[in-house]
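Visitor: Please take me through one part of this assembly in detail. I would like to begin where the chains touch and then stay with one chain.

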Amino acid sequence: MSDLIEELKVKLIEILNLQDVTPEDFDANAQLVGGELGIDSIDVLEMVVMVEKDYGIVINNQEMGEKIFYSLANLADYIKENTPGAAS
Amino acid sequence: MYLQAAGIISALGSGLGATEQILRENRSAIKPLALFTPLHGAPLPAGEVGVDFFDQRDPAALPRTHRLALAAVRQAMADSALLHPPEAVILGTTTGGILTTEQLLKNKSRQKELYQYHGLHSVATCVARECHCTGPALVVSTACSSGVVAIALALQMLRSGLYKTVLAGGVDSLSRLTYFGFHSLQLVDQTGCKPLDQNRQGMAVAEGAGMLLLTTEKPDNYLAEILGAGLSCDAYHPAAPHPDGQGAFTAMQNALTDAGLPPEAISYINLHGTGTPDNDLAEAKAVRRLFATVPPLSSIKGASGHSLAAAGAIEAIVSTIAIAKGLMPANTGLQHVDPLLGVSPLVKPLEAPVQTVLTNSFGFGGNNGSLVIGAPNGSVSRAASPQVAALAIHGYSCLSGAGDTPSTINRLHAGGSVAGMTEIDTLSRNLPSRLVRRLKRLPRMTLSLAVQAHLDSDLTELKPGSVFMGTGWGGLSETHDFLARLAESKEQFPSPTDFVGSVHNGPASQVAIMFGATGPNITTSGGDYSFEQALLAAQLMFDDQDRPALVLVAEEGHETFSPLLDASINNESALADGGGAFCVNRDRKGAICCISLPFYKSCEAENVITDLVKTLDARAGRRDYALILAGIPAAMHSQAAPQLEEFTALLQTSAPIVPYRQLTGQFACASAVATALAVSLFVSGTIPGTLTGGPDIALTESCHKILVLGLGQYITAIELCRP
C-alpha cells in the first residue's frame, strides 16, 4: 500500500508540475483538491487521465471523483480496490 | 446600429429560413459525429453541418472553418441593394484552420504552403477578400464568447463614427482539438445535449458560422437593431465559470445599461445554456439576480450543439428571427427542468411578439459577453460619440532574445540585435512557481510582461481592470502538445490542461486572474498585425475611469510550429520571440507618452500609401516626426520594400527610418517590441545615433513623434507622442 502511495506522490508531482513539493513533504492524508497545493478541477481531470492510463481504471462520475481525489491516500485506496484482478 | 443583413449556417441548416423552420419544429440536429472516425468507442453526439451546405466551388485547400465563414458571408452579402463593401470585418474564431492542420500533421507534411490557412487571421482575410473589404480585418478570440465580443467591438467601431458599415460574426469548424478537448474535460454529454435539464451532463461540440452586416445608416429594410453590448471577465478560473455567475451578471447588466434599458424591457433571453452542470447553474443564478420577473428564456444548444466562437453570432441571428417572426425557440432536449436553477425554460416554441432580446455567450477564461437586440424602429439608436482620446502609456515592458526590458532596450539603443528566444528563466523570474506550474511558454511570457509593465508605471496602487491582448499564433506549445499526446495515445489520453491552455485567450485570462481584472478582456489575433489589433480594440473598448488597462502582446517561438506556420520564419533561420506590454489609461498626467493607431488598411486598398500620408498629414506636421520604425515581415519583403519607398517619397520627412525586424528578429508581434523601444526613447528623451546610424536626436516640443509603421499585407501606423 505504502509503495502505491509513494508511487502516486512521484506521479502527481510530475504530471501536476508541483515544483516546490518533494515526495517527503507530500502529506498523503491532507486535502488534495482545493488544499495547500492549489490543485483544482483541471488537475483532477489530469489525474483522471493518469489513473486510466497507468492503472486501467475509469473515473467518470463527478460525485465519486470528489471522494476519490479527497486525498492521495483515498486515491491509493480506490486504485487498490479497483485494480483488475486485485483481491478486494 | 442597424442589422442590415445576416448569414447563418449551422447543424440546424443554412439560411435564416431553414434555421427558423427547424426551431419552429423544436427538432435537434445533434447526431453522432461523422466528420472523422474516432479510433475508440462510438462517435460522440455533435452538431455537424451537412455536406450539401458547402459550396463545391471553394478551393480544395480551404479549411472547413473558412468555407463555413464564406457560406455565411455569401448569404449576408447576397442582397443586391448592398452597394458598398463593408469598411471593416471583425470575426470571432477560436481554432481557424486547425482541422486541416491536424490532417497535415497526421500525414507528417512539411510543406509550408499547405499550412497557410492555419492562423485565425487567415479566416478574416479570406472573408474580407470575399466581400471586397479593404479596411481592417480583425479577429477576436475569446473562446466561446468570441462571436458576441466581435459584435460588441463592431458596435463600438460604428459608434466611434470612424466606420459606417462593419461585417461582424463568428465561425468555427469541428476539429479533433475541440472534440477530444472538451471530452477530456468531461464536458460532453454522451447521450446528447439537454441544457438546463436535471440530468444534463454537458454539451455537444458543434460548428457553424453567423455573419451580421451592421451599419450606422438606416436602411429601408433591416432585420433588427443592436442596442447594446456588455463584456466582463470572471477573473476566477481558466475554464470553470464563477460559481455564482458574477461575470455573467455583470455582462448582462452592462449590456442593458449600454442599451439604456431596464431588465423589464427584455421580452426573451437567449441563454448561453451549454448543458454543462456548472454553466447552466451559474447563468441561471445570474439571470435570477438581474430579473425580478424572469422573461421567457431558452437555450438552443440542445438543437444546434455548441459551435464555440460561432455560437454568439448564430444566436444573435436567432434572436433576430425571434423578433422578426415572433418566435421564441424552445429549450430543445429538455425533459426535466433542474429545480436548483429556479427558472422555467420554454419547453416548446412560444409564438408571441418579441420587442427586445438579451443574448448571452460565455467562454473559457471567464470571458463573458451579452448583447441586447431590438425590433426595427423599436427605439432610438445611440448617436455616434467619437472616441478621440488617445491612450496614455504609464508603464511598459518587453521581452526578447536579449532578455528582460533593460537588457532588450539597452541593446536596441546601441543598435544591436535582440533576436532570439527569451530564456525561460527570464520570463518566469517574477512569477510565483505555484501560479505558473501549469503554464507553458506563452502564458508565462504574458504574465511576466504584465507584471513588469504594471510595476514600471506610476499606477502600481491601481490594479489593471481591463486586458487587451494580441497574439499571432496563440499557445503553440499547448496546441502542439495536445495534438502530439492525442496521436501518441491513439486518441485515448489527450491532456485536459493542454486543451484549456490552447485557447488564444488563455494568457489574457491568466492576467485577469492575477490582477482581478473583471472588465473587458479581449484577445485579438491578426498575424503580423496582432499588436495593432489589440491596440485598436483597446482604443475603442477601454472605458474605465478608475483602473488602468493592460495592452499586451506576446509570441512564442516553437521549434515545430513556427517555421511551418509563420511565412516569415524559415527553417534555417534562428527562432525569435518576445513581446511587449503597456499599462495605459486616458489620463495624460504622469504619462510617459500617448499612443494611438490612426491608420489600418489592407495593402489592396486603392492608393493606400497616399491615403496613409494624407491621414498622417492631417494629424501633424512632417517635421514632427523624430523617428520612423518600419515593420517589414520577411515574407512580405517584395511588397513592403516598394511600399516603404513610396511612403518616404510622399512624406518627405528627414526623420530616420529604422527597419526594426532587422533588430528584433522575425515574429508576429515584433511591432510590440518596436513600440516598447519607442516608449523607452520618450523616457530617455534622446534617440541615440547608434540606433539610427546618424546623429543623436533630441525629442523636443517640435520634434516629438515616433511612428511605428506596419507594412506588407496590411498598412498600419502607430503614433507615439509626448503626453
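How many residues does the contact take from chain A, and how many from chain B?

Guide: The contact takes 14 residues from chain A and 16 from chain B, where two residues are in contact if their C-beta atoms, placed from the backbone, lie within 7 Å. On the side of chain A that touches chain B there are 5 nonpolar, 5 polar and 4 charged residues; Ala, Val, Leu, Ile, Met, Phe, Trp, Tyr, Cys and Pro count as nonpolar, Asp, Glu, Lys and Arg as charged, and the others, Gly among them, as polar. This is a predicted model, in which local features need pLDDT of at least 70 and side-chain atom pairs count only at pLDDT 80 or more, while totals for chains, interfaces and linings use all residues. Residues are numbered from 1 along each chain as its sequence is written, and chains are lettered from A and ligands numbered from 1 in the order in which they are written.

The rest concerns chain B. Its domain assignment gives domain 1 (2-374) and domain 2 (391-721), with bounds that come from an automatic or database assignment. Taken over C-alpha atoms, the centres of the two domains of chain B are 30 Å apart. Each of the two contributes 46 residues to the contact between them. The side of domain 1 that touches domain 2 draws at least two residues from each of helices H3 (98-106), H4 (120-130), H5 (146-159), H6 (176-184) and H7, and of strands S6 (137-140) and S10 (224-233), in chain B. Helices (H or I, at least four residues) and strands (E, at least two) are DSSP runs, numbered from the N terminus. H6(B) gives the most to this side, with 5 residues. By class, the side of domain 1 of chain B that touches domain 2 has 24 nonpolar, 19 polar and 3 charged residues.

The largest nonpolar core has 264 residues, and B:Ile151 and B:Leu629 have the most contacts inside it. A nonpolar core is a set of buried Ala, Val, Leu, Ile, Met, Phe, Trp, Tyr and Cys residues joined through C-beta atoms within 7 Å; a residue is buried if 20 or more other C-beta atoms lie within 10 Å of its own, exposed if 12 or fewer, and partly exposed in between. Domain 1 and domain 2 of chain B each supply at least three residues to this core. Apart from neighbours within four places in sequence, the contacts of B:Leu629 include B:Val658, B:Tyr660, B:Ala674 and B:Ile706.

In domain 2, strand S20 (549-555) of chain B has 7 of its 7 residues buried. On one face these are B:Ala549, B:Val551, B:Val553 and B:Glu555, and on the other B:Leu550, B:Leu552 and B:Ala554. Strand S18 (466-470) of chain B runs parallel to S20(B) over 5 bridges, and strands pair if DSSP finds at least two bridges between them. B:Phe468 has B:Val551 as its bridge partner in S20(B). S20(B) also pairs with strand S21 (578-585) of chain B, in the antiparallel sense over 7 bridges, with B:Val553 opposite B:Gly580.

S18(B) is also joined to strand S19 (521-524) of chain B, again in parallel, by 4 bridges. Here B:Val467 stands opposite B:Asn521. Both faces of S19(B) are covered, B:Asn521 and B:Thr523 being buried on one side and B:Ile522 and B:Thr524 on the other.

Beyond S19(B), B:Asp528 sits in the loop that leads to helix H18 (530-541) of chain B. B:Asp528 has 31 other C-beta atoms within 10 Å and therefore counts as buried. Leaving out residues up to four places away in sequence, B:Asp528 touches B:Gly472, B:Pro633, B:Ala668 and B:Gly712. B:Ala670 is 142 residues from B:Asp528 in sequence, yet their C-alpha atoms are 7.8 Å apart.

A second loop residue, B:Gly366, lies between strand S15 and strand S16 (367-374) of chain B. B:Gly366 has 28 C-beta neighbours inside 10 Å, so it is buried. Among the residues it touches, not counting those up to four places away in sequence, are B:Cys233, B:Tyr236, B:His237 and B:Ser509.
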